[in-house]
Amino acid sequence: MEAGAAAEEKKAVEPVAPQNADEEAEGVSAAEKKRLKKLRQKQKKESEAPAQSEALPTDGAASAAVPVTAAAAAPSLTPKTEADEDQEEAGDDAHAGEAKKKKKNKKKKTAPLPSVPLSKQFPTLQFPMGRIEEYSGDARRPITEEARERDRLNEGMLNDLRKAAEAHRQVRRWARATCRPGVKLFEFVETLENSIRTIIESQGLSHIEAGIAFPTGVSLNHVAAHFTPNPGDENVTVGEGDVIKIDIGTHVHGRIVDSAFSMSFNPELDPLVEASREATNTGVRLAGPDALLRDIGAEIEEVIKSYEVTVGGKTFQCKPIRNLNGHLLGPYTIHAGKSVPIAAESGDTTTRMEEGELYAIETFASTGRGLVVDDGECSHYMMAPNPSLANIRNPKARHLLAHIQQNYETLAFCNRWLDTAGETRHQLQLRALIEARAVNPYPPLVDTRGSYVSQHEQTFLLRPTCKEIISAGDDY
Ligand code: HZT
Ligand code: MN
Ligand code: MN
């Protein structure tokens with residue numbers, strides 16, 4: 001998702017979003033609507049069909065709950081007990097019957113904060129595999145002895161990825177159970193990130209051996225990506241009716257798992273969340289050696305456009321965000337060159353996927369313009385590949401660069417982490433490093449004010465013998 005939506009685009013941002021309330025204005029014909037509706041129904045059927053792939057042994061050893069101090073007026077981040085829930089229900093006498101029914105139908109929504117190191121949970125040190133899919137369509141190929149041999153050469157890397165993915169699944173289960181209106185995002189991400197460090201076995205605050213691959217994204221509503229609270233944002237909370245994108249990065253020895261999901265606290269927005277979920281599934285399904293990146297983008301766009309959402313009495317056809325995309329991952333490198341478009345005609349026309357590649361496919365569905373620009377206070381940063389010290393004279397700026405190099409290398413980091421590491425008042429030095437092009441800023445990426453954006457993202461490896469969706473779980 002190149003943030004290349006430059007100043008020029010900024011001018012073009014409209015104040016409010018209900019552009020597609022009127023279908024005529026959007027140029028959606030009745031026939032087109034009918035076709036899209038059919039496609040949507042077909043997808044729904046497919047998604048409800050039982051998966052043919054093997055089940056994921058995501059549940060390792062039982063994790064102990066670690067309570068955190070809850071701030072006043074905000075819901076506690078400690079898991080709710082059955083007793084708590086019963087008490088809440090009992091308080092609502094008039095609807096007691098209804099509440100009981102609801103509870104019966106809904107999955108249990110509590111999860112302890114993971115705290116047991118993964119090497120204790122998996123003493124053999126063989127971590128659970130992701131979802132295996134056969135290559136289909138043009139990528140279909142016989143599994144030869146040579147392919148099996150190439151597969152074996154990558155076992156070590158694969159096990160690192162699987163460990164990173166297991167950490168991802170465990171913390172996101174807690175995240176889904178915990179995130180709700182009133183939650184303070186600063187405390188939420190710090191708790192989640194500390195849990196990653198514990199179970200993935202980071203050494204101190206350094207993320208180089210294993211740890212967090214990038215700051216935890218908790219972008220709300222029209223903010224599509226790259227929001228994490230900064231020091232000073234301690235009171236930013238999830239609101240009633242919000243949609244949140246929870247984007248978590250883990251890594252072991254630089255092998256990155258980049259995966260995200262969305263939650264809405266207004267049922268009207270559920271189709272928006274479904275749109276990006278199905279679009280990402282479609283992208284992953286089409287991926288394989290020799291798949292044309294632009295074809296994947298075109299299919300993703302079709303799926304997203306087949307959804308409509310009615311919110312506050314206005315109806316929108318979902319749009320993909322055409323200047324965001326998925327990306328190739330490399331060791332310690334979040335963006336290793338190739339991009340996976342999520343709309344037709346918005347990417348390179350000839351590039352294909354290749355065997356051995358590790359991709360993050362992320363799709364975004366929007367009720368807004370379907371275009372993001374940089375906006376708001378920056379929290380995400382990444383060191384440039386080979387920073388030069390030549391134009392960095394200030395010893396304090398040099399100190400900060402050395403700190404970044406030692407703790408994050410080429411992985412992304414955020415202001416919160418610099419603060420925790422004792423790099424207080426780093427803001428001025430950070431600005432100097434950005435000025436000297438030793439560090440790049442990644443500001444929040446936003447669609448039009450008042451719009452809603454959902455995202456789903458999955459990391460997968462194009463193994464010689466099959467496609468392994470490393471980050472898949474029983475949730476998405
Ligand atoms: C950059 C800086 C960060 C990578 C995608 C992404 C979260 O939008 C080519 C395609 C963290 C991540 C990234 F601090 N970005 N995935 N998950 N963000 S991106 C990009 O810059 S570059 C997408
Ligand atoms: Mn991501
Ligand atoms: Mn990504």
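This passage describes the manganese site, the aromatic pairs and two buried residues of a predicted model.

The manganese ion (ligand 2) is held by protein donors from D247, D258 and E457, with D247 contributing two OD entries, D258 one OD and E457 one OE, and these donors lie 2.1 to 2.4 Å from the ion. Along the sequence the donor residues follow the spacing D-x10-D-x198-E. The pair D247 and D258 links distant parts of the chain, with D247 in strand β4 (residues 243–252) and D258 in strand β5 (residues 255–264), 11 residues apart. A further manganese ion (ligand 3) is placed 3.3 Å from the manganese ion (ligand 2), and D258 coordinates both ions. In the UniProt record, an unreviewed entry, the feature "binding site" is placed at D247, D258 and E457. Although these positions are spread over 211 residues of sequence, they cluster in space, the largest C-alpha distance being 8.0 Å.

The surroundings of the donor residues can be described in turn. D247 is buried, because its relative accessible area is 10% and the limit for a buried residue is under 20%, and D258 is likewise buried. When residues up to four places away in sequence are not counted, D247 touches F214, P215, T216, G217, D258, S259, A260, E362, Q455 and E457. E457 lies in strand β17 (residues 453–462) and is buried, with a relative accessible area of 1%. With neighbours within four places in sequence left aside, the contacts of E457 include D247 and D258, as well as S259, A260, T280, H327, A360, I361, E362 and Y476.

Aromatic pairs were searched for over the whole structure, and 7 were found. In one of them, the rings of F122 and F127 have their centres 5.6 Å apart and their planes at 70 degrees, so the pair is edge-to-face. Both partners count as buried, F122 at 13% relative accessibility and F127 at 8%. For Y408 and W417, by contrast, the ring centres are 5.7 Å apart and the planes stand at 35 degrees, so this pair is tilted. Y408 and W417 are also buried, and ring pairs link Y381, Y408, F413 and W417 into a cluster. In addition, R197 lies over the face of W417, at 5.9 Å from the ring centre.

R416 is placed in helix α13 (residues 415–420) and is buried, with a relative accessible area of 1%. The side chain of R416 is joined to that of T228 by a polar contact of 2.8 Å. Not counting residues up to four places away in sequence, R416 touches F186, V189, E190, E193 and T216, together with T228, P229, N230 and P231. T216 is thus named among the contacts of R416 and also among those of the manganese donor residue D247.

W174 is found in helix α8 (residues 155–178) and counts as buried, at 2% relative accessibility. Apart from neighbours within four places in sequence, W174 is in contact with L77, A111, P112, L113 and P114, and with F188, T191 and L192. For L192, which is 18 residues from W174 along the chain, the C-alpha atoms of the two residues are separated by 8.1 Å.

Conventions: Residues are numbered from 1 along each chain as its sequence is written. Chains are lettered from A and ligands numbered from 1 in the order in which they are written. This is a predicted model: local features need pLDDT of at least 70, side-chain atom pairs count only at pLDDT 80 or more; totals for chains, interfaces and linings use all residues. Side-chain values use heavy atoms; hydrogens and water are left out. Helices (H or I, at least four residues) and strands (E, at least two) are DSSP runs, numbered from the N terminus. Buried means under 20% relative accessible area, exposed over 50%, partly exposed in between (1.4 Å probe, protein chains only). Contact means heavy atoms within 4.5 Å. Donors are N, O and S atoms within 2.8 Å of the metal (3.2 Å for Na, K and Ca); water is not among the atoms, so sites may look incomplete. A polar contact is a pair of N or O atoms within 3.5 Å; within protein, one must be able to donate a hydrogen and the other to accept it, and residues adjacent in sequence count only if both atoms are side-chain atoms. Rings of Phe, Tyr and Trp (its six-membered ring) pair if their centres lie within 6.5 Å; planes under 30 degrees apart count as stacked, over 60 as edge-to-face and the rest as tilted. A charge sits over a ring if NZ of Lys or CZ of Arg is within 6 Å of the ring centre and within 35 degrees of the ring normal. UniProt positions are given in the numbering used here, feature names are shortened, and annotations may be inferred rather than shown by experiment.
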